[in-house]
Amino acid sequence: MSSLDVLDKLQTEAIKEEKKSSTKKFKYNFDKLKMYFGEDYEVKGIKISMPTIGDILRIGENVFYQALAPFLYNSTSIRAALWDLNIDWNDVRDIEVFGFLIKNVKNTEPLSLIFKDVDFTDFIVTSAKRQIEDENYELALYSESQGILLYEEEYMEIAEYIREILNVHPKVEKAKGKTTKKWMIQEDKMNIAQLENKNENNSTLLPLVSACINHPGFKYKLEELREMGLYQFMDSVKRIQIYESSIALTHGSYSGFCDLSKIDKKQFDFMRQIDD
């Protein structure tokens with residue numbers, strides 16, 4: 001194996017590297033039935049309300065997603081910007097990304113819609129102890145004027161809940177070695193340049209709304225869709241995809257033209273759990 005082949009192998013393995021073992025991992029089990037019915041959710045007394053499609057129409061889709069970016073993005077999402085500031089994204093946590101991005105939120109209406117009683121633009125990233133006798137400090141968000149302290153785990157619960165509502169789950173890519181990091185940053189910058197050349201008025205939700213409205217199995221009319229909670233709508237999009245996939249597999253099994261012996265039988269059930 002040549003030296004170049006060895007380097008390529010090392011770079012590939014580095015890109016696939018998991019989060020460092022010392023990094024905390026948080027996992028939350030939200031009540032998805034309550035989310036589907038649009039009920040509020042609370043984290044340490046902070047109430048999170050469910051936005052509707054009509055809310056996004058009124059505010060504007062771009063404004064809505066831009067205001068929620070501090071909760072939706074992780075260090076991988078903004079690694080090119082961090083790199084330009086001489087910050088290695090591999091060492092930046094989601095709560096710190098919030099601290100970077102919340103300062104740039106210009107229109108706070110979407111935040112006020114979801115957090116009716118709390119102003120998240122007033123929070124700063126700090127460190128705090130759980131108890132006075134503790135030796136270790138933890139990352140946290142603090143608002144002096146509101147008297148609220150959120151530890152990292154509590155912030156992540158809020159962020160993950162919002163990501164679940166919007167069906168936005170940012171990828172995590174860590175890298176080891178300077179060469180690998182530079183390659184990844186260069187690729188990100190090329191992708192950013194391509195996106196900037198595209199039409200900024202493109203809508204993320206329009207193709208989903210159009211597909212649902214024109215699908216014979218979707219029972220909501222256009223005006224009724226305005227009152228639909230965002231999580232409920234995203235669930236409907238995924239359910240239609242599952243339905244079409246299941247029906248196609250069923251037709252394939254009857255036609256005899258497809259080898260379905262290695263396909264999980266659950267794939268034929270369009271009423272299965274969406275995450276299966």
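# Exercises on charged pairs and nonpolar cores

In this predicted model, glutamate 173 counts as partly exposed, since its relative accessibility is 21%.

**Exercise 1.** Determine which partner glutamate 173 has in helix 5, and decide whether that partner is buried or exposed.

*Solution.* Step one is to find the partner: glutamate 173 forms a salt bridge with arginine 79, and the closest N and O atoms of the two are 2.8 Å apart. Step two is to place both residues along the chain, where glutamate 173 lies in the loop between helix 8 (152–166) and helix 9 (178–196), while arginine 79 belongs to helix 5 (residues 79–84), so that the pair links distant parts of the chain, 94 residues apart. Step three is to apply the cut-off: because buried means under 20% relative accessible area, arginine 79, at 2%, counts as buried.

**Exercise 2.** Work out which residues are joined with glutamate 173 into one network of salt bridges.

*Solution.* Begin with lysine 171, whose side chain meets that of glutamate 173 in a salt bridge with an N to O distance of 3.7 Å. Next, consider the surroundings of lysine 171, which counts as exposed because its relative accessibility is 54% and the cut-off for exposed is over 50%. Finally, follow the shared partners, through which Arg79, Lys171, Glu173 and Asp188 are joined into one network.

**Exercise 3.** Describe the salt bridge between arginine 163 and aspartate 94, and classify each of the two residues as buried or exposed.

*Solution.* The first step is the distance, which for the side chains of arginine 163 and aspartate 94 is 3.0 Å, N to O. The second step is location: arginine 163 sits in helix 8 and aspartate 94 in helix 6 (residues 94–101), and this pair links distant parts of the chain, 69 residues apart. The third step is accessibility, where arginine 163 counts as buried at 3%, and aspartate 94 counts as buried at 13%. As a closing step, place this pair in its wider setting, for a search of the whole structure finds 14 salt bridges.

**Exercise 4.** Identify which helix gives the most to the largest nonpolar core, and list the contacts of phenylalanine 233.

*Solution.* Start with the core itself, which has 50 residues, and in which Phe233 is one of those with the most contacts, as are Phe64 and Ile158. Helix 8 gives the most to this core, with 8 residues. Then, leaving aside its neighbours within four places in sequence, phenylalanine 233 is in contact with Ile53, Leu205, Leu208, Val209, Cys212, Leu225 and Met228. Apart from the largest core lies another, of 9 residues, among them Ile78, Trp89, Val97 and Leu101.

Conventions. Residues numbered from 1 in each chain as written. Predicted model: local features only at pLDDT ≥ 70, side-chain atom pairs only at ≥ 80, totals over all residues. Heavy atoms only, no water. Salt bridge = Lys/Arg side-chain N within 4 Å of Asp/Glu carboxyl O. Helix = DSSP H or I, 4+ residues; strand = E, 2+ residues; numbered from the N terminus. Buried < 20%, exposed > 50% of the residue type's maximum accessible area, 1.4 Å probe, protein only. Core = buried A, V, L, I, M, F, W, Y, C linked by side-chain atoms within 4.5 Å. Contact = heavy atoms within 4.5 Å.
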